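Student: Before we discuss any labels, could you show me the model, and then let me ask how each label is justified?

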Amino acid sequence: LGEAREDLEASYEGAEFTACFNARYVLDVLQLHNEDEIQLEMADEISPTLVCSPSQNNFLAVVMPMRP
């Protein structure tokens, strides 16, 4: 299998960590969202990640990170 890496500009608070995601799952969620910004709520690198919209109260998704 291949490997890819993307670095994204983000506003972030908390301790630094690295999270790995299946790109297909993240793209599936992003294709449902029509805004320029999303919000990711993460407890740590292996817990489910909540994906929501700062401007759309009705947009909510969960993406599971992969173990590095």
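Tutor: Let us start with one pair: Asp7 forms a salt bridge with Arg5, and their closest N and O atoms are 3.4 Å apart. Please keep in mind that this is a predicted model, in which local features need pLDDT of at least 70 and side-chain atom pairs count only at pLDDT 80 or more, while totals for chains, interfaces and linings use all residues. Residues are numbered from 1 along each chain as its sequence is written, and side-chain values use heavy atoms, with hydrogens and water left out.

Student: Why is the pair of Asp7 and Arg5 called a salt bridge?

Tutor: The term requires a side-chain nitrogen of Lys or Arg within 4 Å of a carboxyl oxygen of Asp or Glu. The N and O atoms of Arg5 and Asp7 are 3.4 Å apart, so the pair qualifies. In general, side chains of opposite charge can pair when their charged atoms come close.

Student: What makes Asp7 and Arg5 count as buried or exposed?

Tutor: The classes rest on relative accessible area, with buried under 20%, exposed over 50% and partly exposed in between, using a 1.4 Å probe and protein chains only. Asp7 has 60% and therefore counts as exposed, and Arg5, with 68%, is exposed as well.

Student: How many salt bridges does this rule give?

Tutor: The count comes to two, and Arg24 and Asp28 also form one, with 3.4 Å from N to O.

Student: How are Arg24 and Asp28 placed in helix 1?

Tutor: They are four residues apart in helix 1 (residues 23–31), which means that about one helical turn separates them; helices here are DSSP runs of H or I with at least four residues, strands are runs of E with at least two, and both are numbered from the N terminus. Arg24 is partly exposed because its relative accessible area is 44%, and Asp28, at 37%, is likewise partly exposed.

Student: Which residues make up the largest nonpolar core?

Tutor: Val29, Val51, Phe59, Ala61 and Val63 make up this core, five residues in all. The label applies to buried Ala, Val, Leu, Ile, Met, Phe, Trp, Tyr and Cys residues joined through side-chain atoms within 4.5 Å.

Student: How do you know that the radius of gyration agrees with a compact globule?

Tutor: The rule is 2.2 Å times the number of residues to the power 0.38, taken over C-alpha atoms. For 68 residues a compact globule would have a value near 11 Å, and the protein chain has 12 Å, so the two agree.
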